[in-house]
Amino acid sequence: MIPPLKTRPIRILLVSQALATLAFAVIGGLWAGRDGAVSGALGGAINLVANFVYALMGGIVRPASAIGALFLILRAEGFKVALVLVQLILVLVLYRALVSAPFILAFIVTALMFGLALRVRA
């Protein structure tokens, strides 16, 4: 079994999310200055970090059965959701100059990009 970070779909997902995050940071910066750029970057980085950790968790243990693989995926997905929630709370509480539009748009677009990994051929 190939570790998830070395699979083509996950690599494409992470690179795509990083490029989208960069694009939203630039667009946010042009629209609302430094705070817009930081907001766009934070919105995209939340999902980028969560998906990176998801892929890391998938490569830690080699399941011996299909049920073991299912539990591994469910555990990684649960941890990813919890990580997204914690990051969202931290950003909303700690970054007072948050610009909503670039933050929310970057977050939604990068969250929807996870479906991209399912469509890429290994």
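Tutor: A helix here is a DSSP run of H or I that is at least four residues long, and helices are numbered from the N terminus. The model we are reading with this term is a predicted one.

Student: With that in mind, how many helices and how many strands does the chain have?
Tutor: Reading along the sequence, one meets the pattern α-α-α-α, in a chain of 122 residues whose C-alpha trace spans about 50 × 30 × 15 Å along its principal axes. The pattern contains no entry other than α, and the count for the chain is accordingly 4 helices and 0 strands.

Student: In which helix is K80 found?
Tutor: Helix 1 covers residues 8-60 and helix 4 covers residues 114-119, so position 80 falls outside both runs by the way helices are defined. The run of residues 66-94 does include K80, and this run is helix 2.

Student: Is K80 buried or exposed?
Tutor: Leaving aside neighbours within four places in sequence, K80 is in contact with A50, N51, Y54 and F114. Its relative accessible area is 11%, and because the cut-off for this class is under 20%, K80 counts as buried.

Student: With which side chain does the side chain of K80 make a polar contact?
Tutor: Among the residues in contact with K80 are Y54 and F114, and K80 lies over the face of each ring, at 5.2 Å from the ring centre of Y54 and at 3.6 Å from that of F114. The polar contact, at 3.1 Å, is made with another residue from the contact list, namely the side chain of N51.

Student: How are the rings of Y54 and F114 arranged, stacked or edge-to-face?
Tutor: The structure holds 1 aromatic pair. The ring centres of Y54 and F114 lie 5.6 Å apart, and since their planes stand at 85°, while the cut-off is over 60 degrees, the pair is edge-to-face.

Student: How many residues apart in sequence are the parts that this pair ties together?
Tutor: Both partners are buried, Y54 with a relative accessible area of 16% and F114 with 18%. Because Y54 lies in helix 1 and F114 in helix 4, the pair ties together parts whose separation in sequence is 60 residues.

Student: Which helix gives the most residues to the largest nonpolar core?
Tutor: The largest nonpolar core has 8 residues, namely L13, A20, Y54, M57, A76, M113, F114 and A117. Helix 1 and helix 4 each supply at least two of them. With 4 residues, the greatest contribution comes from helix 1.

Student: How many residues does the other core have?
Tutor: One member of the largest core, M57, is in contact with L72, R75, A76 and F79 when neighbours within four places in sequence are left aside. Apart from this core lies another, which includes A50, V91, F103 and F107, and its size is 7 residues.

Student: Is T21 buried or exposed?
Tutor: T21 is found in helix 1, and beyond its neighbours within four places in sequence it is in contact with G40, A41, G44, A45 and T110. Its relative accessibility is 9%, so under the 20% cut-off T21 counts as buried.

Student: What share of the residues of the chain counts as buried?
Tutor: K80 and T21 are among the buried residues. The accessible surface of the chain comes to about 7300 Å², with 76% of it belonging to carbon and sulfur atoms. Of the 122 residues, the buried share is 36%.

Definitions and conventions: Residues numbered from 1 in each chain as written. Predicted model: local features only at pLDDT ≥ 70, side-chain atom pairs only at ≥ 80, totals over all residues. Heavy atoms only, no water. Core = buried A, V, L, I, M, F, W, Y, C linked by side-chain atoms within 4.5 Å. Buried < 20%, exposed > 50% of the residue type's maximum accessible area, 1.4 Å probe, protein only. Helix = DSSP H or I, 4+ residues; strand = E, 2+ residues; numbered from the N terminus. Contact = heavy atoms within 4.5 Å. Phe/Tyr/Trp six-rings, centres within 6.5 Å; stacked < 30°, edge-to-face > 60°. Lys NZ or Arg CZ within 6 Å of the ring centre and 35° of its normal. Areas by Shrake-Rupley, 256 points an atom, 1.4 Å probe, with all protein chains shown as cover. Polar contact = N/O pair within 3.5 Å; in protein donor to acceptor, adjacent residues only side chain to side chain.
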